[in-house]
Amino acid sequence: MARTHVVLLGPPGAGKGTQAKQIVDKYGLTHLSTGDILRDEVARATDLGKTAKEFMNRGDLVPDQLIIDMIRGRIEAADAGFLLDGFPRTTAQAEALGRFATIDVVLNIGLARDEVVRRLTSRRVCKGCGEIYNLTFNLAEGETTCAKCGGELYQRDDDKTDVIANRYDIYERSTAPLIDYYKRQGVLRTLDGLAGSEKVFSEIIDILTA
Ligand code: AMP
């Protein structure tokens with residue numbers, strides 16, 4: 001595989017987490033999801049977790065420097081390559097990333113606001129293995145256990161309707177400018193998040209193996 005330093009970009013709910021799992025399984029990259037790392041810090045009630053929780057529950061971004069300090073060592077340790085999921089989310093984060101790593105390709109999964117809202121309100125996540133489900137695709141109403149590991153399914157606090165609107169606004173304001181940022185660097189590839197996850201994944205395979 002030619003491209004081993006990969007960034008996944010896109011609004012919340014576009015399918016980044018779902019694609020990320022499949023990509024790292026296939027290519028053996030290290031999956032670095034800043035959202036997952038932060039949720040783990042919150043669950044363990046670390047100092048970082050306690051600080052981050054306030055921002056996350058409102059749907060706001062955690063301050064850049066905390067995120068950069070949290071992720072930098074993990075990126076530098078990923079010898080076999082990495083897949084960044086949820087980072088960078090601001091121009092300041094992208095500039096910092098550019099100072100300590102090269103990026104081969106940015107996979108930008110696009111999805112319009114109304115579809116983001118629809119998907120996030122119906123998203124459920126497994127407490128045990130992190131598998132992502134959606135009531136509109138692959139989960140029956142009322143089902144509360146994970147088909148893969150039997151763990152309990154839950155709705156993320158920030159997937160509640162009032163927080164979702166804020167998350168999308170922040171995406172548009174702070175993260176969407178990265179589309180042009182990476183276009184200018186010649187590494188951006190855009191995928192249609194409305195297509196089924198299998199179609200998106202097969203396009204990603206084509207891009208990564210090209
Ligand atoms: P995610 O799981 O990627 O949707 O992230 C959940 C929440 O974690 C976000 O709404 C932010 O509050 C926080 N977060 C995750 N990644 C970042 C990042 N790169 N910069 C700032 N905040 C982040």
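1. Angles between helix directions that fall in the range 65 to 115 degrees count as roughly perpendicular. In this predicted model, helix α2 (residues 34–43) and helix α4 (residues 64–77) pack at an angle of about 110 degrees, with 11 Å between their axes, and the two helices are therefore roughly perpendicular to each other. On the α2 side the residues that meet the partner helix are T34, I37 and L38, and on the α4 side they are I67, M70, I71 and R74.

2. A residue of helix α4 that deserves a separate remark is I75, which is buried, with a relative accessible area of 3%. When neighbours within four places in sequence are left aside, the contacts of I75 are L32, F82, L84, F87, L97, F100 and A101. For orientation along the chain, R119 lies 44 residues away from I75, and the C-alpha atoms of these two residues are separated by 30 Å.

3. The parallel sheet can be described by its strand order, which is β2-β3-β1-β4-β8; this is an open sheet of five strands. Its edges are formed by β2 (30–33) and β8 (188–192), and because each of these has a single partner strand, one side of each is left without a neighbour in the sheet. Neighbouring strands of this sheet are turned by 20 degrees against each other on average, when direction is ignored.

4. The pairings within this sheet can be followed strand by strand. Strand β1 (residues 5–9) runs parallel to strand β4 (residues 105–110) and is joined to β4 by four bridges, with V105 in β4 as the bridge partner of V6. Strand β1 also pairs with β3, again in the parallel sense and over four bridges, and here H5 stands opposite F82 in β3. Strand β3 pairs in the parallel sense with β2 as well, over four bridges, and in this pairing L83 in β3 has H31 opposite.

5. Which residues of β3 point one way, and which the other way? F82 and L84 point one way from the strand, whereas L83 and D85 point the other way, and all of them are buried. This arrangement can be read against a general rule: in a regular strand the side chains alternate between the two faces of the sheet. Of the β3 residues named here, F82 and L84 are also among the contacts of I75.

6. Two helices that pack on the five-stranded sheet should be mentioned with their directions. Helix α1 (residues 16–27) packs on the sheet by touching β1, β2, β3 (82–85) and β4, and the direction of α1 makes about 170 degrees with that of β3. Helix α8 (residues 177–184) also packs on the sheet, where α8 touches β1, β4 and β8, and the direction of α8 makes about 135 degrees with that of β8.

7. A further open sheet is built from three strands in the order β6-β5-β7, and its pairing is antiparallel. The edge strands are β6 (132–134) and β7 (153–154), each of which pairs on one side only. Strand β5 (residues 123–126) and β7 pair in the antiparallel sense over two bridges, and V125 stands opposite Y154 in β7.

8. The cysteines call for a careful reading. How many disulfides does the structure hold? The structure holds zero disulfides, although the sulfur of C126 has its closest cysteine sulfur, that of C149, 3.5 Å away; this separation is too far for a bond, since a disulfide would require the sulfur atoms to be within 2.5 Å. The surroundings of these cysteines can also be stated: C126 counts as buried because its relative accessibility is 3%, while C149, at 42% relative accessibility, counts as partly exposed.

9. The last residue to be considered is R167, which lies in helix α7 (residues 161–175). Is R167 buried or exposed? R167 counts as buried because its relative accessibility is 8%, and its side chain is joined to that of D159 by a polar contact of 2.8 Å. Beyond its neighbours within four places in sequence, R167 is in contact with P12, G59, L120, R123, R156, D158 and D159.

Notes
Residues are numbered from 1 along each chain as its sequence is written. This is a predicted model: local features need pLDDT of at least 70, side-chain atom pairs count only at pLDDT 80 or more; totals for chains, interfaces and linings use all residues. Side-chain values use heavy atoms; hydrogens and water are left out. Buried means under 20% relative accessible area, exposed over 50%, partly exposed in between (1.4 Å probe, protein chains only). A polar contact is a pair of N or O atoms within 3.5 Å; within protein, one must be able to donate a hydrogen and the other to accept it, and residues adjacent in sequence count only if both atoms are side-chain atoms. Contact means heavy atoms within 4.5 Å. Two strands pair if DSSP finds at least two bridges between them. Axes are lines fitted to C-alpha atoms, for helices over the stretch in contact, and angles run from 0 to 180 degrees between N-to-C directions. Angles under 35 degrees count as roughly parallel, over 145 as roughly antiparallel, 65 to 115 as roughly perpendicular and the rest as oblique.
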